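Biologist: I'm new to reading protein models. Could you walk me through this one, feature by feature?

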Amino acid sequence: MPIENLKSLSDAMFGIIGSNQVFLLAGHKRPDGDSMGAQAALAHILRDMGKTIVWHDLNACPPAYRFLPGIEADLARAKEPQPKPDATFLLDCSSTERVAPGFAPQGPTVCIDHHQTNQATTDVNIVDPAASSTGEMLYEILEARGLPLTEAVATCLYTSILTDTGSFRYSNTTGRVMAIAGRLIEAGADPAAIARACFENREPASLILEGAVLADLRYECAGRLVWSEIRLDRLAAHGGEASEPEDLVSKMRSARGVEVSILFKETPTGLRVSFRSKHVVDVAALAGRFEGGGHARAAGAELTGGYDDLRRQVLETARAFMAQ
Ligand code: AMP
Ligand code: MN
Ligand code: MN
């Protein structure tokens, strides 16, 4: 891992672990496989050290990731009164603003993240934009520390890496990522079972919604830009939020000649927008124009205002980016 001072950051992190007992775990809102996998892995690591976990927002865990070891038990436990945390971990999350509402960090704070747009102001901030996933970073931290890799931790970390590399297809898939995935499998992660759980357990209505979005693709810039949208009425007609297809915007990028794909999702206050690029355009910079962020090939933003006007503004800016 190219973080030069990883040893001192990791020492600081384990210092905080050693001197505290109850840890609050948080990731970004609308958690994905990396966010859930990394949090679930850290929950196991900390518990194996005799610590106690409090999740900030476990109910937001999408059904696809409830197979992760310990999640169902923790969901049941989360209904009971929770102890007061005395330290906080923020995973796969570039700032406290990206956490679901109600987040109140307690005690010393540690962030582990791989977003190039990271702006966290935590006491310890471990950021590696070259890492495929937060799961990969956790693996490196564990290995450098000589901590054991249990089957549960391996399953969680494999899920992080699998989902954030687009099933080992994206440019963040390095030889090191493959070597780590191999070690995770040797430690007990079951690749076929994990892929089935993550990708082949969808709401049937979600496929119909996906079909409607794909039937509605609009191409611009001589086919280099493609966009579509999920308006609130379309979402409601297909089973609501639980049916929102994960990472549909990446599928939209798959058409020949497309460089950038954009998916607009209407919200009661405006819209969320997801950007993907295939090879050239830095969509994190594009999202940055709208106070969003992410990675060069995958980014997003959340905007408040009138839907039509916001969509027009984003498309105008995207067209200008394509012309650069
Ligand atoms: P998504 O399109 O929601 O899958 O997000 C793609 C990437 O951009 C992920 O790494 C997100 O963490 C990041 N991202 C999405 N929305 C935002 C936002 N509002 N601010 C910063 N980063 C974001
Ligand atoms: Mn994420
Ligand atoms: Mn991630």
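Biologist: Let's start with one side chain: does Arg276 count as buried or exposed?

Modeller: The idea is to ask how much of a residue a probe can reach: buried means under 20% relative accessible area, exposed over 50%, and partly exposed in between, with a 1.4 Å probe and protein chains only. Arg276 has 13% relative accessibility, so it counts as buried. Before we go on, keep in mind that this is a predicted model, where local features need pLDDT of at least 70, side-chain atom pairs count only at pLDDT 80 or more, and totals for chains, interfaces and linings use all residues. Residues are numbered from 1 along each chain as its sequence is written, chains are lettered from A and ligands numbered from 1 in the order in which they are written, and side-chain values use heavy atoms, with hydrogens and water left out.

Biologist: Got it. Which residue does Arg276 meet in a salt bridge?

Modeller: Here's the general idea: side chains of opposite charge can pair when their charged atoms come close. For a salt bridge we ask for a side-chain nitrogen of Lys or Arg within 4 Å of a carboxyl oxygen of Asp or Glu. Arg276 pairs with Asp247, at 2.7 Å from N to O. Arg276 sits in strand E9 and Asp247 in the loop between H9 and H10, so to speak two distant parts of the chain, 29 residues apart. Unlike its buried partner, Asp247 is partly exposed, with a relative accessible area of 33%.

Biologist: Where do labels like E9 and H10 come from?

Modeller: Helices (H or I, at least four residues) and strands (E, at least two) are DSSP runs, numbered from the N terminus. The protein chain here has 12 helices and 11 strands.

Biologist: What else does strand E9 hold on to through a salt bridge?

Modeller: Arg272, which is in strand E9 (residues 270-277), links to Glu244 in the loop between helix H9 (232-237) and helix H10 (248-252), 28 residues apart. Their N and O atoms are 3.1 Å apart. Arg272 is buried at 11% relative accessible area, while Glu244 is partly exposed at 22%. That loop between H9 and H10 also holds Gly240, which is buried with a relative accessible area of 17%.

Biologist: How many salt bridges are there in the whole structure?

Modeller: A search finds 23. One of them joins Arg176 and Glu143, with the closest N and O atoms 3.4 Å apart. Arg176 belongs to helix H6 (residues 175-186) and Glu143 to helix H4 (residues 134-145), 33 residues apart. Both partners are partly exposed: Arg176 has 29% relative accessibility and Glu143 has 36%.

Biologist: Now the backbone. Which sign does phi have in Asp92?

Modeller: As background, most residues other than glycine have a negative phi. Asp92 has a positive phi of about 55 degrees although it is not a glycine. You'll find Asp92 in the loop between strand E3 (87-91) and strand E4 (109-113), and it is buried, at 2% relative accessible area. Cys221 also has a positive phi, near 50 degrees. Cys221 lies in the loop between strand E6 (218-220) and strand E7 (225-230) and is partly exposed at 27%.

Biologist: Which residues is Asp86 in contact with, leaving aside its neighbours within four places in sequence?

Modeller: Contact means heavy atoms within 4.5 Å. For Asp86 the partners are Asn20, Gln21, Val22, Gln106, Gly107 and Pro108. Take Val22: it is 64 residues from Asp86 along the chain, yet their C-alpha atoms are separated by 5.4 Å. Asp86 is in the loop between helix H3 (71-77) and E3, and it is partly exposed at 30% relative accessibility.

Biologist: And the whole chain: what is its radius of gyration?

Modeller: That radius is taken over C-alpha atoms, and the globule rule is 2.2 Å times the number of residues to the power 0.38. With 324 residues, a compact globule would come out near 20 Å, and this chain has 19 Å, which agrees. The C-alpha trace spans about 55 × 40 × 40 Å along its principal axes. Buried residues make up 52% of the 324 residues.
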